[in-house]
Every structure is written in C-alpha cells, then in structure tokens.
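Student: I'm new to this one. Can you walk me through it?
Tutor: Sure, let's open it up.

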Amino acid sequence: MLSVLRVHLPSDIPIVGCELTPYVLLRRPDKTVTTDDVPESAPLDGHFLRYKWYRIQSDKKVAVCSVHPSEQATLQCLGCVKAKIPVAKSYHCSPKCFSDAWQHHRVLHDRAASAVNENGNEEEEIFGRYNSSGSGVINASLTGSASSTSLTNGSTPLYPAAVTQRSGGETWFEVGRSKTYTPTADDIGHVLKFECVIVDAETKQPVGHPNTILTSRVIPAPSPSPRRLIPVSGADMLGNLQSDGRVSSSGSFTVLSYNILSDSYASSELYSYCPSWALSWPYRRQNLLREIVGYRADIVCLQEVQNDHFEEFFAPELDKHGYQALYKRKTNEVYSGNIHTIDGCATFFRRDRFSHVKKYEVEFNKAAQSLTEVAVQTTQKKAALNRLVKDNVALIVVLEAKFSNQGADNPGKRQLLCVANTHVNVPQELKDVKIWQVHTLLKGLEKIAASADIPMLVCGDFNSVPGSAPHSLLAMGKVDPMHADLLVDPLAILRPHSKLTHQLPLVNSLIFRNCFQILLMF
C-alpha cells in the first residue's frame, strides 16, 4: 500500500509571494521510494494523495519587524501612520533597529510627503507597485481576520476560505488545496500548516493519519534596495527617456547586463551573512524577473543562468514580455554535478526592436586545447590544460534593428549590431588565464568586425576592476608591458606582451560593482 515516509519544507521561513513546495517522500506498493506526486486523476493501487494548507491565526495580533522580518515588532513609527505609509513598513523590533534604519526609513516619509504635495494621494502608486506579486512593500495591515474573498493557490479552482477548526484561542483557516502554496499578505505573522494524507480512490475517505508540518511565521518580502545609477558622459546620445522607461529616439536602444548568481553558487557557506530564505531560488527569481522586466531594456545579457532556469523560467517568462531568447551553456569538463544546473550566458532582445541574424558560440576550453597544442611543450600540456580549462563561454549574436537612424544617403542599408555576452569566471590568482580569455574573445570579435561594418557591443561580468589588465585591454585596446598583472604568466601565454592589443574602438560606458563592463563600438 502507498505510504508517506517523510514530509519537510526546503525553507525554514515562508515569505509572502514565494511558492512553498513541500518535499514528500513516498513508498510505493512495490516497496520502491519516490518523490513523484500521486494525484486523484492517476491513483496508484487504488490510492492517491490529498493536500491541504491552513493558516493558524491566533486571537492575539502579531506584527513583524520591517527590517528584520523574522523578528516580532515591539514598536511602530507614528510618522508612517500619519503619512499613510503601508503599515507593514512602520514596525521595528527594537529602538536600535529603528535608529539604524532611519536614514533609509526617512526616505519613505519624504516620498510620501512629496507625492501628496505634487499629486494629491499617490500612496498606491508609490507603495503598492509590487503588491500584485506579493513582494516589495506589503500594503495591508496585520490583522487576525481572514480574507473574505475567494482564494486560489496552485492549480486548484477558486474556492472560499473556510474556518475549519477553533481551539485554545486559535482559528485554522483552510487556504490551499494543492501541494504548493504561495503565502499572501493575509498570512503575515501567522504559522502555516501543511497536511498530506492518503485517500482511498473509491470511497474518497482518508486512510490512516495525516502527515503534517508547521512553518515559522510568514514574513513580508523585503523591498529591494533602489539601484544607484551612475551618470555616464555622453549618455545624452541615447535620446530622451520616456515616462515608461523607454528611449524616445528611434535610432537608440537600451541594454542591460546582469550576473544573476546561479542558484548552484548561492550557498550559505559562500554567503553566510545572508539568511537562507533570501538565498532560495523561489524568492530570488521573482525579484530578478521584476527588476529585469522593470528596466524595459531592448537587449538583456544575463550571466550565471542555470540551464534548467533558462528553459523553465527565464525564456518563457521573458517571452511573455516580448523577448526572444538565446543561450549558451558552459562546457562541463571541470564541472561534475547535474548537467541541468550548469550555468551559462543568456541574451534576450525585444522582438519588436530587433530580429536574429546569426549566432556564434565561443568555448574557451577549445581555445585552450588549440593553444596548448601549438604553444606549450609536451611535458607541460597536462599542467597547462589544468590551468586554462575553466568551462567559460561567450555568446555572440548578430541582430538586425527594426528601427533606423540612417539618413537619405543610406536608405537601404541594413542596421546590424553584434552583441557579445560572457562571464570570465576565473580565480583571482590566475590573472594570466583571465587576460588570455578576454584577449581570445576580442580577437574573435575582430574577425567578425572585419567581415562587415558592424557596431560591436560587449557585455559581461569580467570579474575585473578599473586599472586591471583585462579592463585596460578592453577599454584602452592594449596593456602596459610593465603592468603588475602580467607578472603572473607561468605558461608564457601572454608573451610577447606587445600582442595584447585589439583594433576595436571600444568605449567604456559603464562599470557596475567593479566587475561589469558594457562597452560600445561605433
């Protein structure tokens, strides 16, 4: 007979807007163990699994800290109440918490006052922007009452919330009837209960006791910190920015480059200062998608995109917003994990602005093998490959613009653009490998540029700071032979230093967090 062996949740703390998918381990009638679902539509040996979610609400109202959402609030900012700022943002867990957060918190007051002065009451526009997806600022009070509206969660039909039990000052509200559940603003401050029970397919009656698990109190999703845009000289060439974020000039376009941090690298060991729930992919993917879509860029270059996340999330989600997707997965000579979690580079472009002409793929591992064959002594080949092979790749795409900035002199000329997207993910001590990869990419782009008069756009995470050799090579077209980075070259792959040049007239247009560069060639 079908039996449930174990039930647990991947995250300790549930967050508003982040889907909860319990791990349910089953033993089949043939004694094999599986995590596959057994729905009512496909019973196994006359039995299926029934799921339910409950919100356990205490008669005592609970508020959570807006800065430390896992902590219960002990004080409230009256200034927020007077300014009609969403109540969830007014709570703090201690006087020190409020004091430390004041510089950021006062911005809410200033924005609220400014909105009222200029537009009457813009509270919903300012503070409710993210409410529809359950993230950002929660525009709801923390009350103990259940929502009176019909609910939907998972793939089940709409149904009204129902009080199922009341005991000892607690009320259990049924909020979901599928395996997955996405907490809402009504759940903030409350514990959720997941119930899984085996049901007889003929009688529809439970068999045995239900398996249950309780969560911690649901917390609101923190508001993302606003990005600080860096002014760039000559940026007026991009045209005028419209109110919806698009550029008004017909011959201009916008570009976004973003290392989104692969989920396989987002571990508590590497990011010990970050709570586990904030590292979880269900939480991060929503914020990433919201931010990427919010910029409304014509071209989007992403790095560290896992293969499965590209196919199952980014490609279909951005397709809904009018983007066509192209992807290059890293090679896996070094990586030995699940092939689906290998990351790579993804380039998206708006179908109404560009069309795809050609795609090139650069695998630095192949370039390393070719290099060692001709430039490294036989006795050093194995050591050379161990040093050079890092699985990094580059994705190069040629696009044709559907807009034109050409005058009457070139009425029929195609407006082509070459977009390169790469991630030079090399340990800092291997400076020679990093420089070699950047140089290899630039030489490939030179060949493309030589074949046609195509403007070049180079995007990526180069893990380099201004003044480093890779940055100098990209921005200046050469590296000073006396540069300190060139001292690390055990395989002599950078010699003679005079070869570290390129003829692409690149202009350094943006440096973000000391590791992103977007460079344009005109």
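Student: Let's start with Ile 396. Which residues is it in contact with, leaving aside neighbours within four places in sequence?
Tutor: Keep in mind that this is a predicted model. Ile 396 is in contact with Lys 358, Lys 359, Tyr 360 and Val 362. It also contacts Cys 418, Val 419 and Ala 420, plus Leu 441, Leu 445 and Ile 448.

Student: And which residues touch the most other members of the largest nonpolar core?
Tutor: Ile 396 is one of them, along with Leu 388, Cys 418, Trp 436 and Leu 445. That core has 39 residues.

Student: Which elements give two or more residues to this core?
Tutor: The helices are α8 (364-375), α9 (381-388), α10 (431-451) and α11. The strands are β18 (393-401), β19 (416-423) and β20 (456-461). The largest share, eight residues, comes from α10.

Student: What lies apart from it?
Tutor: Another core, of 26 residues. Val 16, Leu 26, Trp 53 and Phe 194 are among them.

Student: Back to α11. How many of its residues are buried?
Tutor: Seven of eight, so to speak: helix α11 (residues 469-476) is mostly covered. The buried ones are Ala 469, Pro 470, His 471, Ser 472, Leu 473, Leu 474 and Ala 475. Just after α11, Gly 477 takes a positive phi of about 85°.

Student: New topic. At what angle do α6 and α7 pack?
Tutor: About 35°, with their axes 11 Å apart. The crossing is right-handed.

Student: Which residues meet there?
Tutor: From α6, Trp 281, Arg 285, Leu 288, Leu 289, Ile 292 and Val 293. From α7, His 309, Phe 313, Phe 314, Glu 317 and Leu 318. By class, that contact has eight nonpolar, one polar and two charged residues.

Definitions and conventions. Residues are numbered from 1 along each chain as its sequence is written. This is a predicted model: local features need pLDDT of at least 70, side-chain atom pairs count only at pLDDT 80 or more; totals for chains, interfaces and linings use all residues. Side-chain values use heavy atoms; hydrogens and water are left out. Axes are lines fitted to C-alpha atoms, for helices over the stretch in contact, and angles run from 0 to 180 degrees between N-to-C directions. Helices (H or I, at least four residues) and strands (E, at least two) are DSSP runs, numbered from the N terminus. A crossing is left-handed if the near helix is turned anticlockwise from the far one by less than a right angle, and right-handed if clockwise. Contact means heavy atoms within 4.5 Å. Ala, Val, Leu, Ile, Met, Phe, Trp, Tyr, Cys and Pro count as nonpolar, Asp, Glu, Lys and Arg as charged, and the others, Gly among them, as polar. Buried means under 20% relative accessible area, exposed over 50%, partly exposed in between (1.4 Å probe, protein chains only). A nonpolar core is a set of buried Ala, Val, Leu, Ile, Met, Phe, Trp, Tyr and Cys residues joined through side-chain atoms within 4.5 Å.
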